[in-house]
Amino acid sequence: MQDRPATNARGPSATVEEKLQEAKTAIEAAQDEALLAVQFHETWRPTVADAELRKRMGHSFATHSFHIIRMALRREVLLALMRLWDKDSRAVKVTGIGELLRDKAFFDELVLQRAMRTGYSVDVTDSMREALKPKRDRILALIRKYTNDKECPTLLERLRTLRHEQLAHRQTRDPTDPAELQHTDEEIEEFYQDTLEIVGLMLSVFLGRAFDIAGEATDGFQHHAKYFWAATRGERTEGHPFFKPRPE
């Protein structure tokens, strides 16, 4: 499936100030999408990481639904992450925000606006630039990590194809060989953590907002998931309302 044609709501002649405002709006949306990814991911994680939970499920009728829920949560994690990396300019498009940060005039305007917001009478533009530049460079480095591999399709490209052909759509004509779309849980975990870091840094750079999404947010949802999955078990495990001991 093809991406929708990229559009710019304000056209190619948008001013730097207009582009900056649009970027801020996109980053607000990125925070919401990142939190959605955290909710799904941290609820999914115990289903593969908690050996005791898997043992309680065992081989039972209930385990079938357990696997369906686990699969659905994983699917939603991938969809949420890919919405953050969408190529359509009407979407969040973290790569598009990265392109803006590479533009000197844009970054200068961002620094100036952030400096003016401090309310200090002395000029703090230079110190604001020194504070923001390392964060900007880290954002750009993380984006390059998933977009600059010339030798083989990057994880981002594989996930984008998976999203287009199997998750958001069901492509039946000339589908990509599934072997070319393989990815490991370790790859997804790293991609997830890097994406959360990108969004957190963008919130800091553009909005002056300190929000450690990979820390503060995940801790809360991990805590909730722990209490939910603690009661989950298959009917072959004592404690299930329909407990049925295994026949001798």
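A214 is partly exposed, with a relative accessible area of 28%. This value is above the 20% under which a residue counts as buried and does not pass the 50% over which a residue counts as exposed. The model is predicted. A214 belongs to helix α10, which covers residues 213-229. Beyond its neighbours within four places in sequence, A214 touches Q193 and L196. A second distance places A214 relative to Y227. These two residues stand 13 apart along the chain, and their C-alpha atoms are separated by 20 Å.

The segment after α10 holds A230. A230 is partly exposed, at a relative accessible area of 45%. Its C-alpha atom lies 9.4 Å from that of E52. Along the chain, A230 and E52 are 178 residues apart. E52 sits in helix α3, residues 51-57. The relative accessibility of E52 is 44%, so E52 also counts as partly exposed. The pair thus links two places, one in α3 and one in the segment after α10, by a C-alpha separation of 9.4 Å.

The fold as a whole is helical in its listed elements. The protein chain contains 10 helices and 0 strands. Read from the N terminus, the order is α-α-α-α-α-α-α-α-α-α. The C-alpha trace spans about 80 × 50 × 30 Å along its principal axes. The protein chain has 248 residues, and buried residues make up 41% of them. Contacts between residues at least 6 apart in sequence were also sorted by separation. Of these contacts, 73% join residues at least 24 apart. The pair A230 and E52, 178 residues apart, was described above by its C-alpha separation.

The surface was examined next. The protein chain exposes about 14300 Å². Carbon and sulfur atoms supply 53% of this area. Charged side chains number 38 positive and 41 negative. The centres of the two sets lie 3 Å apart.

One helix pair was examined in detail. Two packed helices are described by the angle between their axes and the distance between the axes. Helix α4 spans residues 61-84, and helix α8 spans residues 155-167. Their axes come within 10 Å. The axes cross at roughly 115 degrees. The crossing of α4 past α8 is left-handed. On the α4 side, the residues that meet α8 are R75, L78, L79 and M82. On the α8 side, the residues are L156, L159, R160, L162, R163, Q166 and L167. Leucine appears on both sides, with L78 and L79 in α4 and L156, L159, L162 and L167 in α8. Arginine does too, with R75 in α4 and R160 and R163 in α8.

Two loop residues were picked out by their backbone angles. Most residues other than glycine have a negative phi. K93 has a phi near 55 degrees, a positive value in a residue other than glycine. K93 is located in the loop between α4 and α5, the latter covering residues 94-102. D174 likewise has a positive phi, near 50 degrees, and is a residue other than glycine. D174 falls in the loop between α8 and α9, where α9 covers residues 185-207. The relative accessible area of D174 is 67%, so D174 is exposed.

Note on methods. Residues numbered from 1 in each chain as written. Predicted model: local features only at pLDDT ≥ 70, side-chain atom pairs only at ≥ 80, totals over all residues. Heavy atoms only, no water. Helix = DSSP H or I, 4+ residues; strand = E, 2+ residues; numbered from the N terminus. Buried < 20%, exposed > 50% of the residue type's maximum accessible area, 1.4 Å probe, protein only. Contact = heavy atoms within 4.5 Å. Areas by Shrake-Rupley, 256 points an atom, 1.4 Å probe, with all protein chains shown as cover. Lys, Arg positive; Asp, Glu negative; His and termini not counted. Charge placed at Lys NZ, Arg CZ, Asp CG, Glu CD. Axes fitted to C-alpha atoms, helices over the stretch in contact; angles between N-to-C directions. Left-handed = near helix turned anticlockwise from the far one by under 90°.
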